[in-house]
Every structure is written in structure tokens, then in C-alpha cells.
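The following paragraphs lead through the structure shown here, from its strands to its domains and then to the surroundings of its ligands. The reader may wish to keep the sequence and the coordinates in view throughout.

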Amino acid sequence: MKLHSSTGLQGEIHIPGDKSISHRAVMFGSVAEGKTVITNFLNGADCLSTISCFKKMGVDITVDGTNVEVNGKGFEGLQEPADILDVGNSGTTTRLILGLLAGTPFHSCLIGDESIAKRPMKRVTEPLKQMGVSIDGRDHGNFTPISIRGGSLRGITFKSNVASAQVKSAILLAGLRTEGELTSVTEPHKSRDHTERMLKSFGAEVEENGLTVSIKGGQALKAAQIEVPGDISSAAFFLAAGAIVPNSKLILRRVGINPTRSGILEVLEQMGAAIKVTEVETASFEPMADLEIQTSDLKGTTISGELIPKLIDEIPIIALMATQAEGKTIIKDAEELKVKETNRIDTVVHELKKLGADIEATEDGMIINGKKPLTGGVEVSSHGDHRIGMMLSIAACLTEKTVELGQAEAINVSYPGFFNDLARVSQ
Ligand SMILES: O=C(O)C1=C[C@@H](OP(=O)(O)O)[C@@H](O)[C@H](O)C1
Ligand SMILES: C=C(OP(=O)(O)O)C(=O)O
């Protein structure tokens, strides 16, 4: 796909629904009792993989644009799938579904694409085994294909060595299915808390105490109405574009600003971006706001420690912003980037170098020296990773010559309308 430069980005964008929240709404709705109605659902390939898995377990789900109805019949309503559950490219589907399947007394087999087959699952399958689940897969349960036979579970006290909402969620969801026992998960840093918030909307009691979250088994979920906020991880591409493309001013409507996800806003402020958060709404289970951004003189920054889980998926686009910021940007403590859809330390550094950036990989992140003009006239690739594809599309707004993007279709995983939105606001 040919990408053209832009003389400025102007206008308003309704950012599509949050991927993490859309997945959870379908999953929890599928095991709840009654009709769950979801609005502003993300119709991205990952969330459609989640829907297809639950349909294969007999759940009646109807999709009408961004409105989804899930007719749940409780955990007992799930049926043994006659076919393999295809999780596609989605780590969230794979890990959270394993947590839910842990408490179902039947056999299922999960398979995904080439990227999923390389992503570590032991972080979920090991604690689930400790809870009493029979689970196996390639490399002793570390990689797909994975087969699981759920059953009766015991509560565990689990200390995770990664700050991962997927790990935390899988264990808590399995924890719901013990017979009244307590399950708790402690993380090194706080990861996104969408599961905790949404379980409460579905009537469950979840206890949060610092870095520990606990749940009591035997609780039934009740159907809920879920309005999905705009995805801040998708918004991040336009926030960065608004800040680095000259002559830009963008307004992004109704974006989720959950404090466990909003690290990008902190970084934009640290870098000196002209960012405004307006129309804050806190009435719903997830806070949202309008975000306004305009072209800014950015400066380099350091990103590390507990901030990392709050912006882990935004690091590729932050790296691009850093190439346009005065001075050095250091990103560290981000080794989790190596186990995403691609090794995002390698893919970001490799692709941005092709465009002329001064960027080096480190063991746990990267170092970027700005401010460097980006050159075009080259071929780049998403490597099949949606976030790399979108980052490179924004980078191409700055290059004089066109850029050819390979595997552009990967973007459909989280933002199917991305190129339409970009073309609409681009001058
Ligand atoms: O729970 C979730 O919805 C997600 C958690 C994060 O992964 P980890 O839990 O592996 O950090 C994130 O990178 C992913 O895009 C979505
Ligand atoms: C890492 C991501 O998703 P997942 O883990 O669900 O594949 C992502 O969306 O950047």
C-alpha cells in the first residue's frame, strides 16, 4: 500500500471502541445470565475471533454494526465445541478464554495464527494447572495449539512476575469457578484493570488492595449494558500524528481515559505536547473524555518502571514521536515488547531506521535521538503487526517521498477504519 505525506491533520475523529473492553464484554456476557447489550463494540479482527469462539460454544450472539447482543445462559450454558477454537492473532482472546475454560467441564482446543504460535502461554497455563486444570500444548503448554479440559478448581495465591492484565484476568476468571475459595493475584506493577471494573458491572465482588486483586469463587454473573469507550491505544496514533505533523489540530471524541491505560497522556505532557483533556465523563464503569491535540515542539523523555504497563501498546508510536523530539528519549523496563504480535523492540527499530531515524535497541527497550527528518522512497512492513503498521503510516505523513507499506491489512486487527480516518483528516 502506498502512503503519502500530509501537510497537516485537521478535524474530529470518533475513535472506535476499546479492544480490551470489547473482548471482555463478549466473554463475560457469554457466561452471564441474561441478555448483555454492548454498544460501540470494536469490529476488529481480534474481537471477532472472540465472538467466533463463543458462538462455537453455543452462545447466541448477534452483531449489528457496532451493537452486539449476547444471550448468555451462565457458565452452565456453554457447550463443548465440536470444532477447534480459532483465536486468530489475539493474545487477549487466547489467555482470557483459557481462564474461562478452566471452569467448564469439557474439552476444547485453541489454535491461532503464526504470531500467536510464538507467544508464551505458560504464564497462564502454569497457574491454571496449579488450580487443578488439565491443560497441555506445544512445549509443555507454552504454545498453541493448546488443549484444555476444565473441571473443579481450587483457589490459589499467585505472585506474577510480569505486570500483565491477561495473566491477572485469566486467573481471576478461573477463580470465579472455585467452590467459594479465594483466589488472589499480585503483580509487580499495576496492569490495566478492565476485568475488575467490568466484573463489578456484571454483579461480581472483586477486592482490590494495592497490587493484589482477589475474587471469591461461586459467584454468578448477571447480564449488563456495556458502552465501550473509544480505544486510547488507537487514539494514540492520532495524538502522536497531531503533535508531530506540522499544521495539525485534532479532536478525538469519547476516548477511554482509565488511569491504568492513560500513560500516553502522561508522556505527551512530559514531552511538552499541547494536549487537552475535556468533557470528562466518570458516570460509567470506565471514564472517558474528548482529547484535543495540536502540533507541538516536543522534547525527549525517559519512560520506565510502573508507567510501562500503562502504555505498553503505545510504545511503537511513542518511539516515532521521539524521533521528532529535541534530545534523547530512553525507553526501558519494556522487555514485554518482545512477546507481542512481533518482537516490537526489533520491528520498531528496524523499520524506523529504514526511514532515517537515529534509534537503537537495548535489552529492555530503545534509545532514540531526535530530532531527525524522516526520508521516504523506501518499502517498510508491518511484519503482520497492526501497531507497527499504524505507526509507519503516521511516519509516512512526514516523509517527502511516498512509502510503500507491506502487510498493511494487519491493521484490521484493532482499527479497520484507520486509513479512512487518516485520509479524512489529512490535508
Ligand atoms: O488485557 C488486555 O486486554 C491486554 C493486555 C496487555 O497485554 P499483557 O497482559 O500481555 O501485558 C496488552 O498488551 C494487550 O494489548 C491487551
Ligand atoms: C498486544 C496486543 O494485543 P493481544 O495481546 O491481545 O494480541 C496489542 O493489541 O497491541
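**Strand pairing**

In strand β23, the bridge partner of Val380 is Leu405. This pair belongs to a predicted model, and it serves here as the entry point to the strands. β22 and β23, the latter spanning residues 403–406, are paired in the parallel sense over three bridges. Both strands are part of an open sheet of three strands with mixed pairing, in which the order is β1-β23-β22. The edges of that sheet are formed by β1 (2–3) and β22 (379–381), each of which pairs on one side only. In general terms, the strands of a sheet pair through backbone hydrogen bonds, in either the parallel or the antiparallel sense.

Another set of pairings involves β2, β15, β16 and β17. Strand β2 (residues 10–14) runs parallel to strand β15 (residues 249–256), and five bridges link the two. Within this pairing, His14 stands opposite Arg253 of β15. β15 is also joined to β17, here in the antiparallel sense and by six bridges; Lys249 stands opposite Gln294 of β17. Strand β17 (residues 288–294) in turn pairs with β16, again antiparallel and over six bridges. Lys276 has Glu292 of β17 as its bridge partner. The connection from β16 to β17 is a hairpin of six residues.

How many of the eight residues of strand β16 are buried? The count is zero, and β16 (residues 274–281) is accordingly described as hardly covered.

Thr183 offers a contrasting setting. This residue lies in strand β11 (residues 182–186). Thr183 counts as buried because 25 other C-beta atoms lie within 10 Å, where the threshold for a buried residue is 20 or more. Beyond its neighbours up to four places away in sequence, Thr183 touches Gly155, Ile156, Ile171, Leu172, Gly175, Thr178, Ser214, Ile215 and Gly217. Thr183 and Leu173 are 10 residues apart in sequence, and their C-alpha atoms are 9.6 Å apart in space.

**Two domains**

The protein is divided into domain 1, made of residues 2–16 + 229–425, and domain 2, made of residues 19–227. Taken over C-alpha atoms, the centres of the two domains are separated by 28 Å. Contact between them involves 21 residues of domain 1 and 23 residues of domain 2. On the domain 1 side, the touching residues comprise eight nonpolar, seven polar and six charged.

**Surroundings of the ligands**

Both domains contribute to the shell around ligand 1, with at least three residues from each. Which residues make up this shell around ligand 1? They are Ser20, Thr92, Ser164, Ala165, Gln166, Ser169, Ser191, Arg192, Ile312, Asp313 and Glu336. By character, the shell divides into two nonpolar, six polar and three charged residues. Helix α6 (residues 165–175) gives the most to this shell, with three residues.

The shell around ligand 2 likewise draws at least three residues from each of domain 1 and domain 2. The residues around ligand 2 are Lys19, Asp46, Ser90, Gly91, Thr92, Asp313, Lys340, Glu341, Arg387 and Ser414. No nonpolar residue is present in this shell, which consists of four polar and six charged residues. Thr92 and Asp313 appear in the shells of both ligands.

An unreviewed UniProt entry carries the annotation "binding site" for Lys19, Gly91, Arg119, Gln166, Arg344 and Arg387. Among these annotated residues, Gln166 is part of the shell around ligand 1, whereas Lys19, Gly91 and Arg387 are part of the shell around ligand 2.

Two of the annotated positions can be followed further. Gly91 is found in helix α3 (residues 91–101). Why does Gly91 count as buried? Gly91 does so because 21 other C-beta atoms lie within 10 Å. Leaving aside residues up to four places away in sequence, Gly91 touches Ile116, Arg119 and Gln166; of these contacts, Arg119 and Gln166 also carry the "binding site" annotation in the UniProt record.

Arg387 is found in helix α12 (residues 386–395). Arg387 counts as buried because it has 28 C-beta neighbours inside 10 Å. With residues up to four places away in sequence again left out, Arg387 touches Asp313 and Pro316. Asp313 and Arg387 are both among the residues around ligand 2.

How values were computed: Residues numbered from 1 in each chain as written. Chains lettered and ligands numbered in written order. Predicted model: local features only at pLDDT ≥ 70, side-chain atom pairs only at ≥ 80, totals over all residues. Near = placed C-beta within 6 Å. Helix = DSSP H or I, 4+ residues; strand = E, 2+ residues; numbered from the N terminus. Nonpolar A, V, L, I, M, F, W, Y, C, P; charged D, E, K, R; others polar. Domains from an automatic or database assignment. UniProt positions renumbered as here; feature names shortened; annotations may be inferred. Buried ≥ 20, exposed ≤ 12 C-beta atoms within 10 Å, placed from the backbone. Contact = placed C-beta atoms within 7 Å. Pairing = 2+ DSSP bridges.
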